[in-house]
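Hi there,

Here is the structure I promised to pass on. Have a look at it first, and my notes follow underneath.

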Amino acid sequence: MQLTLFTDYALRTLVFLALQPDQQLSTITEVADRFSISRNHVVKIVHQLGMKGYIDTIRGKHGGIRLARSAQDINLGNLIADMENVSCLLDCQREGCRLAPGCRFQAIMRKAMRAFMGVLSEFTLADLVRDEEQMCGLLGLEIPVTTVRTE
């Protein structure tokens with residue numbers, strides 16, 4: 001299965017937000033510029049992510065976007081299912097398919113999709129940003145300062 005660009009950009013947006021320190025607000029323009037994505041695309045993605053409860057959107061002069069819940073609570077399988085809105089990889093509803101009455105391929109594809117989604121469901125957004133220092137470096141973000149305890 002190949003994910004749509006919409007889902008790819010949604011994942012990138014969430015990764016960017018997950019790397020922000022202390023739930024700092026970000027802007028659509030920051031996301032668009034960081035990934036060289038059309039601002040209009042990011043607006044649509046942010047709207048969808050907000051509607052699905054993945055991000056908070058705050059309007060106004062000092063507004064912005066941020067994760068609505070922790071990265072650990074964002075399951076990749078659920079996210080992909082929400083963004084792709086696809087239950088089967090094969091469109092058997094098209095007219096004129098002579099094989100439809102006896103075809104078993106659709107059942108095989110449904111099984112493959114369940115397996116695909118099952119593997120994705122084993123991971124969270126936190127798994128994508130586990131190496132925070134490397135991810136921040138790749139995105140040109142400030143590398144988080146870790147506090148060293150002295151005892």
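What percentage of the 151 residues in the protein chain is buried? Buried residues make up 32% of them, where buried means under 20% relative accessible area with a 1.4 Å probe, counting protein chains only.

Some background before you zoom in. This is a predicted model, in which local features need pLDDT of at least 70, side-chain atom pairs count only at pLDDT 80 or more, and totals for chains, interfaces and linings use all residues. Residues are numbered from 1 along each chain as its sequence is written, and side-chain values use heavy atoms, leaving out hydrogens and water.

The average pLDDT (the predictor's confidence in each residue, from 0 to 100) is 88 for the protein chain, and 87% of the residues score at least 70. Over residues 147–151 pLDDT stays under 50, and the model has zero contacts (heavy atoms within 4.5 Å) for them beyond four places in sequence. Where pLDDT is low, the predicted coordinates should not be read in detail.

The protein chain has seven helices and two strands, taken as DSSP runs numbered from the N terminus (helices: H or I, at least four residues; strands: E, at least two). Their order along the sequence is α-α-α-β-β-α-α-α-α.

One helix pair to look at: helix 1 (residues 5–18) packs with helix 3 (residues 39–51) at an angle of about 75°, so the two are roughly perpendicular (65 to 115 degrees, between N-to-C directions). Here F6, Y9, A10, T13 and L14 of helix 1 meet H41, K44, I45, V46, Q48 and L49 of helix 3.

Best wishes

Definitions and conventions. Buried < 20%, exposed > 50% of the residue type's maximum accessible area, 1.4 Å probe, protein only. Axes fitted to C-alpha atoms, helices over the stretch in contact; angles between N-to-C directions. Parallel < 35°, antiparallel > 145°, perpendicular 65-115°, else oblique.
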